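Trainee: Could you take me through one part of this model in some detail? I'd like to look closely at the largest pocket, and at the chain around it.

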Amino acid sequence: MADAHAKKHDYHLVDPSPWPFIGSLSALILAVGFIAFIRDMPIAGLQIGGLVFGLGIIGVLYTMAAWWVDVVKEAQAGDHTRVVQLHHRYGMIMFIASEVMFFVAWFWAYFDVALFPSDAIQFQRAELTGGVWPPEGIKTFNPWHLPLFGTLILLTSGTTVTWAHHAMIENDRQSVKWGLWLTVLLGVAFSFVQAYEYITAYFGFSGHIYGATFFMATGFHGAHVIIGTIFLAVCLWRVYLGHFTPKQHLGFEFAAWYWHFVDVVWIFLFASIYVWGYGG
């Protein structure tokens, strides 16, 4: 009878968790608050869209942090067997694939208008662009100045995270720390470069299609850089706590995958929006 409930398989059956419900509720609050905020709509007769939006953001961030803490605890308890790790890898691959398609949408929007700035079907497009790309009156960034500097920073960070990953496999924990520290600092530096670029831009987000496509594509990439930097910073903290081993460091491996994905997306952004768009 003592072995009646003993685990006899390689799968992990998670304990009951409140985070799916709390996360869904927080996402609903965030969506309602955001819509009310941008539309200046009252909620229950009060102009509290911004407040509701803020509460939704806090709820989503808290859910994410608490849920990932639970996942880390499961990993440290030995629940992530080789079979579970394999399925986690499948999940991460599908997540990155969905992110790829997310950016495909922004590239599609950019190239659709850039290649056909005077499309007869889109009769208002010629009025918005002047029939040329970049549109008349738009002063684009010189790709070989600040954008190139940001590109070098991000590509260097891809090298340092690879160094840290290989050091983890070799159980060189000091090199892991150095590699992750450099990667995090380079990620922060790239974010500051992009923020300075936005501040000094000769065009804004609203009023024309170039600014909308530029800031949506590069802005979402910048958000992914910030998320990836936080992801790597948490991994660095876990290295100091001694969580990872050469044979089991799935969280760190996923952070490296995510960071390489961010690098690849930026290469396409730099080549298409900055270089090709500048020459166009």
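Mentor: Sure, let's start in the middle of the pocket. This is a predicted model, and 42 residues line its largest pocket. Nearest the centre of that pocket you'll find Met64, Trp68, Phe231, Val234 and Gly251, so to speak the spot to centre your view on. As for volume, the largest pocket holds about 1500 Å³ of space.

Now for the elements behind that lining. Four helices each put at least two residues into it: α2 (49–76), α3 (82–115), α7 (209–241) and α8 (250–279). Met64 and Trp68 fall in the range given for α2 (49–76), while Phe231 and Val234 belong to the stretch of α7 (209–241). Gly251 sits within α8 (250–279).

Zoom out and the rest of the chain is helical in its secondary structure too: the count is eight helices and zero strands, which reads α-α-α-α-α-α-α-α from the N terminus. The C-alpha trace spans about 80 × 55 × 30 Å along its principal axes.

Of the contacts with a separation of 6 or more, 73% join residues 24 or more positions apart. Buried residues come to 36% of the 280 in the chain. On the outside, about 16400 Å² is exposed, with 71% of that supplied by carbon and sulfur atoms.

Last, the charges: there are 12 positive and 17 negative side chains, and 9 Å separates the centres of the two sets.

Notes: Residues are numbered from 1 along each chain as its sequence is written. This is a predicted model: local features need pLDDT of at least 70, side-chain atom pairs count only at pLDDT 80 or more; totals for chains, interfaces and linings use all residues. Side-chain values use heavy atoms; hydrogens and water are left out. Buried means under 20% relative accessible area, exposed over 50%, partly exposed in between (1.4 Å probe, protein chains only). Contact means heavy atoms within 4.5 Å. Accessible areas come from the Shrake-Rupley method with a 1.4 Å probe; for residues, only the protein chains shown count as cover. Lys and Arg count as positive and Asp and Glu as negative; His and the chain ends are not counted. The place of a charge is taken as NZ of Lys, CZ of Arg, CG of Asp or CD of Glu. On a 1 Å grid over the protein atoms alone, a cavity is a set of points where a 1.4 Å probe fits but cannot get out, and a pocket is an open set with protein on both sides within 12 Å along at least five of seven lines; lining residues have an atom within 4 Å of a point. Grid points are joined across faces, edges and corners, and a volume is the space filled by probe spheres set on the points.
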